[in-house]
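Work through the exercises below with the sequence and coordinates open. Each task is followed by a solution in steps.

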Amino acid sequence: MIPHKKVYMYGGYNTISLGTGRKEFNPKKERPGIEHYISEAGNGVLKQIGGADNVDDGVIGNFMAARFNNQANLPGFLPMIDKGLSMKYGTSVEGACGSGGLSLQTGIRNILSGSDVTLSLGVEVQNTMKAIYGADVLAGAGWFKKRKDGHAFFFPGQFSDRAGAYYEKYDKERARKGMSQWYANAMENARLDPTAQEYHNTNPNPYQACLKMEPNAKFFVPNLNVLDCSKVSDGASGIAIASEEGLKRMGVKPSDAVEVVCAVAATRDITLDPIDLTELEAIKYAVQKAMKEAGITIDQVATAEVHDCFTIAGILTVEALGLAKRGEGCDFVAAKHTARDGKFPMNTSGGLIGWGHPTGGTGVHQAVTIWQQLTGRAGDYQVEIPNDRPYAMTINMGGDDVTISVIIYKRG
Ligand code: CAA
């Protein structure tokens, strides 16, 4: 969808992504609850946009607070952020790990239907249980009738099956090199962002660490090791979505914001297995549609935040973007083309593997990183945005290639 009037994003904020890896994380001690994360992210945005009086409405993306936190009715937390949000329209949206992307898509639609400023948030607090129990909660993103056939670690299992198909069709050794480089890039980038879950990671050779850890079905899943996986995370992100009028109200110059060039939301039938495990069909459809609608090619895109819930998802997304032919995404990544100093830097604040994956928050975190990169606010993880490549992209996925949000941005 090309917005029929100008839509901007501004004022992004991320809490830390808390979980194993962070020095502050201690599973035996009490930790902040979901209300803390919503409040911190919400206030982090409000401080940058002149307060809650400037906001018309709000939307919260969340996947499974009902099970991780015994909490539903999330719109009720918007007025808790600031009483200036009381009695305003609030909603929450769910599309599994794509919930944050749906929060952005909903915010964009709010602006197109007459609001001038929407507060878009995404949140998940998952460390309320160990990873193996959390895996059963996250499995809710798959079709429940199929879940009994899956692995105990359901989603690592789904993407292990994709990795296995890729190894068989192409070449396991080449694939593992690409996947290990993906992990190494994630660590390098996360170490530059103080809010990242792997910010404190000091492994001197993450590439070798991942390459040498042979996947082992007895302990985990057959074709992925634990370093191939995104984190179990607590965190929230927020950003303001605004019309031109809304920017004026907030006192923000368009050049300090990003403009939404195109927003595509696509869903694939959850009851059907992927046609081909070596392709992310819905992501490919959505990115190609977005670039066509925006009238741009991948050569004009400077950077992308992509849904690397597992290293293999990163490789398959490189192929879906058309950066490499099918079966060659692994080589493209192994050649460091997606590293921060490569020709197409991706996931520059660490992505889901390095920054963390508070599932319902991830899509919004991606938009915050793109806003920071395009407006020169990314601090130590800033990458160069060449003048002839002014566009950037976010790709957020719910389930196994089911609930997809692709947004193309340029500096306002
Ligand atoms: N309470 C108690 N102990 C805890 C804890 C908690 N909340 N959190 C961690 N710990 C403990 C662990 O039990 C472990 O201790 P032991 O070694 O004694 O068992 C220790 O801390 C280390 O924990 P780690 O998290 O480092 O390691 P792990 O083995 O527990 O988990 C992992 C590793 C299985 C790879 C886990 O990180 C994981 O499940 N990752 C994938 C998450 C995932 O699937 N996300 C969804 C992606 S799919 C997608 O994006 C689409 C969609 O819609 C779903």
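## Exercise 1: A salt bridge in the chain

Task: characterise the pairing of E214 and K172.

Solution. The side chains of E214 and K172 form a salt bridge, with an N to O distance of 2.9 Å. The model is predicted, and the distance has to be tested against the cut-off of 4 Å between a Lys or Arg side-chain nitrogen and an Asp or Glu carboxyl oxygen. At 2.9 Å the pair E214 and K172 passes. Next, locate the partners: E214 sits in the loop between α9 (206-212) and β5, while K172 belongs to helix α8 (residues 172-190). The two are 42 residues apart, and the pair links distant parts of the chain. Finally, place the pair in the total, which is 21 salt bridges for the structure.

## Exercise 2: The domain interface

Task: describe how domain 1 and domain 2 meet, starting from their bounds.

Solution. Domain 1 covers 8-130 + 232-256, and domain 2 covers 148-230 + 260-411. Their centres, taken over C-alpha atoms, are separated by 23 Å. The contact involves 47 residues of domain 1 and 38 residues of domain 2.

The next step is area. Interface size is often expressed as the accessible area lost when the parts come together. Domain 1 and domain 2 bury about 3100 Å² between them, and 57% of this lies on carbon and sulfur atoms. On the domain 1 side, N14, C97 and Q105 supply 19% of the area buried against domain 2, more than any other three residues.

Then count the polar links. There are 22 residue pairs in polar contact across the interface, and one salt bridge between the domains. D256 and R377 form a salt bridge in which the closest N and O atoms are 3.9 Å apart.

Last, assign the domain 1 side to elements. Those giving two or more residues are β1 (8-14), α4 (99-112), β4 (117-125) and β5 (234-242). The largest share, eight residues, comes from α4. By class, this side has 15 nonpolar, 26 polar and six charged residues.

## Exercise 3: The ligand surroundings

Task: which residues come nearest to the ligand, and which polar atoms lie by its oxygen atoms?

Solution. There are 25 residues around the ligand, of which C97, N127, H307, H357 and G399 come nearest. For G399, a polar backbone atom is 2.5 Å from a ligand oxygen. For H357, a side-chain N or O atom is 2.9 Å from an oxygen atom of the ligand. For T20, the corresponding side-chain distance is 3.3 Å.

Terms used:
Residues are numbered from 1 along each chain as its sequence is written. This is a predicted model: local features need pLDDT of at least 70, side-chain atom pairs count only at pLDDT 80 or more; totals for chains, interfaces and linings use all residues. Side-chain values use heavy atoms; hydrogens and water are left out. Domain bounds come from an automatic or database domain assignment. Contact means heavy atoms within 4.5 Å. Buried area is the accessible area (1.4 Å probe) that two parts lose on being put together, summed over both. A polar contact is a pair of N or O atoms within 3.5 Å; within protein, one must be able to donate a hydrogen and the other to accept it, and residues adjacent in sequence count only if both atoms are side-chain atoms. Helices (H or I, at least four residues) and strands (E, at least two) are DSSP runs, numbered from the N terminus. Ala, Val, Leu, Ile, Met, Phe, Trp, Tyr, Cys and Pro count as nonpolar, Asp, Glu, Lys and Arg as charged, and the others, Gly among them, as polar. A residue is near a molecule or strand if one of its heavy atoms lies within 4 Å of it.
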